[in-house]
Amino acid sequence: MRRDKSISKQINKFLEGITPGQMTVCAAALLIVSLIPLLWLGRYNVMCIDDYDYGRQVHDTWLATGSYLESVQTAWRQNMEFYQNWQGTYVSCFLMALCPMNFHYEIAWIVPVIMIGMFASSTFVLGRHILTKWLGADRTASSFIMLLLLFMFYQILEAPFEGIYWYNGSTHYILMQSVWFFTLAAVSGALRTKSRKLAVLYSVVAAALAVVVGGGNLITGLQAEILMVFLLLYAMVKNRSKIWAVCLPLVTGSIGFLCNTMAPGNLVRSTLDPSTGYSAVWSVILSFYYALTFMIRWTPTFAILIWLAVLPVLWNMMKTSEKTFSHPIWVTAGIYCVISAMFTPTLYAVGMVGLARVDNIIQMVYYLGLFAGTAYWLGYFSHRKSEGTAAEAFGSFLERTGNKMTLAGLFLVLVVWVFTADKNTYTSFSAARSLVNGDAQTFYEEAMERHEIYVNEDIVDVELDPYSAKPALFSFDDLSTDRGNWLNLAVMQYYHKAYVELRD
């Protein structure tokens with residue numbers, strides 16, 4: 001019995017002796033290990049879906065001239081045509097026309113590198129900035145929190161293909177949201193810094209990035225407008241000397257957003273597209289309902305375990321913070337409103353929610369809001385005299401358990417992650433499974449065989465066999481047996497064939 005107590009005491013001492021720095025290094029290693037299969041699977045990525053339609057003119061220019069400059073000019077001319085006749089997203093359309101595979105078909109592996117690199121880094125920068133500058137948390141512990149958040153997000157990402165591997169879809173949403181996260185961090189940095197030179201630099205950078213955000217998807221654009229107004233109101237109340245730092249990017253971003261929404265092509269497209277949405281009022285009302293339903297959907301056991309694991313860390317961070325945490329209700333309401341607003345554009349435009357490529361960015365905003373909101377509430381309770389209350393008891397429990405609760409929670413996360421029966425439940429294991437069983441390699445070989453046929457000028461009537469294998473994460477639709485199918489037509493026009501179809 002005495003020996004058992006001694007061992008238990010030694011274990012507790014070991015667990016409590018683990019430093020925040022060591023935990024952060026382990027979290028970084030976990031994230032890196034989890035991303036390796038996703039990036040490795042990218043080695044077998046290929047061009048698909050809208051990449052053909054948006055890239056056709058640039059591809060033709062590249063084949064005719066071999067000039068990157070000429071190709072960029074073609075992309076801009078196409079962008080202006082789209083602006084007049086199809087859609088106003090002048091930055092997204094320009095970038096989508098410059099699909100890397102237009103120039104070198106085998107370079108599709110770079111797409112997941114760009115998308116994961118941009119989204120993960122921008123989320124990390126913004127999330128840590130919120131925790132350290134707005135909530136007064138320690139930098140090392142904040143890094144630990146954000147690394148775990150990113151690990152969680154990429155394992156239960158709503159639509160991995162649309163958010164990681166598909167160039168067109170991920171450029172329009174993931175990449176534009178990444179730019180917005182960097183923009184928001186820059187604006188906030190201008191507000192929080194005491195250096196006027198740094199404030200000017202942050203504001204100018206944010207002003208330039210805001211134009212890019214304004215020319216991207218409307219979900220991110222609307223979110224940017226709302227949060228910029230919130231920051232302006234904050235500056236007017238709390239820091240009037242920095243109003244200019246918010247006004248500059250607000251003005252440039254609003255001009256860009258107006259150019260986007262007022263594009264002639266939007267009106268043309270609305271007359272051609274029979275889809276009709278809800279009224280503005282109903283769209284706003286329904287967005288609050290759908291925000292709640294999707295928040296529940298995006299909080300599976302995996303997310304709950306990680307949330308529980310970080311509670312002691314968040315409590316200690318907020319308890320030592322010098323912030324006052326005076327408005328938890330307003331902060332919570334603001335987070336909920338921002339998440340809800342991201343459902344409004346699709347409800348208004350097409351009367352629906354659940355577009356996979358859109359849900360990816362809303363999901364991340366929800367997780368950022370969940371962790372930041374939890375931290376704020378813990379800060380509120382830890383800074384109030386609440387002797388004998390449930391809040392005090394809960395705080396004491398978190399302080400007593402400390403690293404033990406965090407490590408136990410993370411151990412359960414790893415158990416769930418590794419031993420889940422369906423290996424397609426979590427993205428890393430799904431990617432690894434496709435690599436190990438050969439689905440990825442078989443798919444890529446067959447895709448390259450198709451490409452050899454596409455680029456063969458002697459073959460104009462293209463008939464193809466369906467893919468015999470495809471990675472589970474590559475969830476895009478294949479070509480059809482109907483040569484009049486829109487995707488068949490896109491491939492036909494891209495490679496200048498008489499027709500393209502799948503064999504029965």
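Student: Leaving aside neighbours within four places in sequence, which residues is leucine 38 in contact with?
Tutor: This is a predicted model, and in it leucine 38 touches Ile116, Tyr154, Ile164, Tyr165, Thr427, Ser428, Ala431 and Leu473. Each of these has heavy atoms within 4.5 Å of leucine 38, so each one is called a contact.

Student: Which residues touch the most other members of the largest nonpolar core?
Tutor: Leucine 38 is one of them, along with Tyr52, Ile145, Tyr154, Phe302, Met317 and Phe343. This core has 137 residues, and helix 9 (residues 167–192) gives the most to it, with 13 residues. Another core lies apart from it, with seven residues, among them Trp62, Ala75, Phe94 and Phe103.

Student: What makes a group of residues a nonpolar core?
Tutor: The members must be buried, be of certain kinds such as Leu, Phe or Trp, and be joined through side-chain atoms within 4.5 Å. In soluble globular proteins, nonpolar side chains tend to be buried together.

Student: Let's turn to the cysteines. How many disulfides does the structure hold?
Tutor: The structure holds zero. A disulfide is a covalent bond between the sulfur atoms of two cysteines.

Student: Why is the sulfur of cysteine 93 not in a bond with the closest cysteine sulfur?
Tutor: The closest cysteine sulfur belongs to cysteine 99 and is 14 Å away. The cut-off is 2.5 Å, so this pair is too far for a bond. Cysteine 99 is in no disulfide either, as its nearest cysteine sulfur, in cysteine 48, is 8.7 Å away.

Student: Are cysteine 93 and cysteine 99 buried or exposed?
Tutor: Buried means under 20% relative accessible area. Cysteine 93 has 1%, so it is buried, and cysteine 99 has 0%, so cysteine 99 is buried too.

Student: Now for the charged pairs. What makes arginine 56 and aspartate 53 a salt bridge?
Tutor: Side chains of opposite charge can pair when their charged atoms come close. Here the N to O distance is 3.6 Å, and the rule asks for a distance within 4 Å, so the pair of arginine 56 and aspartate 53 counts as a salt bridge. By this rule the count comes to six.

Student: Why are arginine 56 and aspartate 53 separated by about one helical turn?
Tutor: They are three residues apart in helix 3 (residues 50–65). Arginine 56 has 23% relative accessibility and aspartate 53 has 26%. Partly exposed covers what lies between 20% and 50%, so arginine 56 is partly exposed, and so is aspartate 53.

Student: How do you know that arginine 297 and glutamate 158 link distant parts of the chain?
Tutor: Arginine 297 sits in helix 14 (residues 280–297), while glutamate 158 is in the loop between helix 7 (139–155) and helix 8 (160–165); the two are 139 residues apart. Their side chains meet at 2.2 Å, N to O, which is within the 4 Å of the rule and therefore a salt bridge. Arginine 297, at 48%, is partly exposed, and glutamate 158, at 24%, is partly exposed as well.

Student: Why does glutamate 501 count as buried?
Tutor: Its relative accessibility is 14%, and the limit for buried is under 20%. Glutamate 501 still forms a salt bridge with arginine 483, at 3.2 Å. Arginine 483, with 40%, is partly exposed. Glutamate 501 is in strand 2 (residues 499–502) and arginine 483 in the loop between strand 1 (461–464) and helix 23 (486–495), so the bridge ties together parts that are 18 residues apart in sequence.

Student: Why is histidine 496 called exposed?
Tutor: Its relative accessible area is 53%, and exposed means over 50%. Histidine 496 lies in the loop between helix 23 and strand 2. Its phi is near 60 degrees, a positive value in a residue other than glycine. Isoleucine 49, also not a glycine, has a positive phi of about 50 degrees, and isoleucine 49 is buried at 14%.

Student: Which residues make the nonpolar surface patch of about 460 Å²?
Tutor: Val229, Phe230, Leu233, Met236 and Val237 make it. Patch residues need over 30% relative accessible area, and valine 229 has 38%, so it passes that limit and counts as partly exposed. Valine 229 is placed in helix 11 (residues 218–238).

Definitions and conventions. Residues numbered from 1 in each chain as written. Predicted model: local features only at pLDDT ≥ 70, side-chain atom pairs only at ≥ 80, totals over all residues. Heavy atoms only, no water. Patch = residues over 30% accessible without salt bridge, like charges linked within 9 Å, V, L, I, M, F, W, Y side chains within 5 Å. Areas by Shrake-Rupley, 256 points an atom, 1.4 Å probe, with all protein chains shown as cover. Helix = DSSP H or I, 4+ residues; strand = E, 2+ residues; numbered from the N terminus. Buried < 20%, exposed > 50% of the residue type's maximum accessible area, 1.4 Å probe, protein only.
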